[in-house]
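Please read this briefing alongside the sequence and the coordinates. It is grouped by topic for a computational chemist.

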Amino acid sequence: MTTVNVTEGILAKLYDITVQQGSDFNLTVLYKDSSGSPITTLDGTAELQARSWSGSSSKIIELDESDGLTIDASKGEITIFIAAATTAALTAPANLVYDMEAGLDTDLKVRLMEGQCLVSANVTR
């Protein structure tokens, strides 16, 4: 499992991801302040979407706290999980864009990370 550190600030963390078709995808995001301490004000809501381009109305990947995102506010942690059965159904190869936003208990919403989402094709079947 890979872990990405996201530091509190104005801009989202630019982080490109690769989803392998037919394999589980697992990534842990740690939301921290500038001193490295976890930000524990996550309110338990988060959303991740990937599209072919930012203006597209079609969502290729859509995750939230009820499906694919696990939030541990006490650690400032969001775990992203996409099961192999779900990634197997993705069209590959594909170059998508994604972002992930989370709610804070201050009623604010922050974009934690964004970037390219490459879906690599499964060869072994």
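The notes below cover the nonpolar core, the strand pairing, one glutamine and the largest pocket.

This is a predicted model, in which local features need pLDDT of at least 70 and side-chain atom pairs count only at pLDDT 80 or more, while totals for chains, interfaces and linings use all residues. Residues are numbered from 1 along each chain as its sequence is written, and side-chain values use heavy atoms, with hydrogens and water left out.

**Nonpolar core**

- The largest nonpolar core (buried Ala, Val, Leu, Ile, Met, Phe, Trp, Tyr and Cys residues joined through side-chain atoms within 4.5 Å) has 31 residues, and those with the most contacts inside it are Ile80, Met100 and Leu112.
- At least two residues of this core come from each of several strands, among them S1 (2-7), S5 (42-51), S9 (94-104) and S10 (109-120), where strands are DSSP runs of E with at least two residues, numbered from the N terminus.
- Strand S9 gives the most to this core, with six residues.
- Leu112 is in contact (heavy atoms within 4.5 Å) with Val6, Ala12, Lys13, Tyr31, Ile78, Met100, Glu101 and Ala102, not counting residues up to four places away in sequence.

**Strand pairing**

- Strands S5 and S9 pair (DSSP finds at least two bridges between paired strands) in the antiparallel sense over seven bridges, and Leu42 has Leu104 in S9 as its bridge partner.
- Strands S9 and S10 also pair in the antiparallel sense, over 10 bridges, and Asn95 has Leu118 in S10 as its bridge partner.
- S9 and S10 form a hairpin with four residues between them, and Asp107 in the turn has a positive phi of about 70°.

**Gln49**

- Gln49 lies in strand S5 and is buried, with a relative accessible area of 16%, where buried means under 20% with a 1.4 Å probe and protein chains only.
- The side chain of Gln49 makes polar contacts (N or O atoms within 3.5 Å, one able to donate a hydrogen and the other to accept it) with the side chain of Glu47 at 2.9 Å and with that of Arg51 at 2.6 Å.
- Gln49 also touches Lys59, Ile61, Glu62, Val97, Tyr98 and Asp99, not counting residues up to four places away in sequence.

**Largest pocket**

- The largest pocket (on a 1 Å grid, an open set of points with protein on both sides within 12 Å along at least five of seven lines, probed at 1.4 Å, with lining residues having an atom within 4 Å of a point) has a volume of about 180 Å³.
- Its lining consists of Gln49, Arg51, Ser54, Val97, Tyr98, Asp99, Arg111, Glu114 and Gly115, and the elements that give two or more residues to this lining are S5, S9 and S10.

Terms used:
Buried < 20%, exposed > 50% of the residue type's maximum accessible area, 1.4 Å probe, protein only. Points joined across faces, edges and corners; volume = space filled by probe spheres on them.
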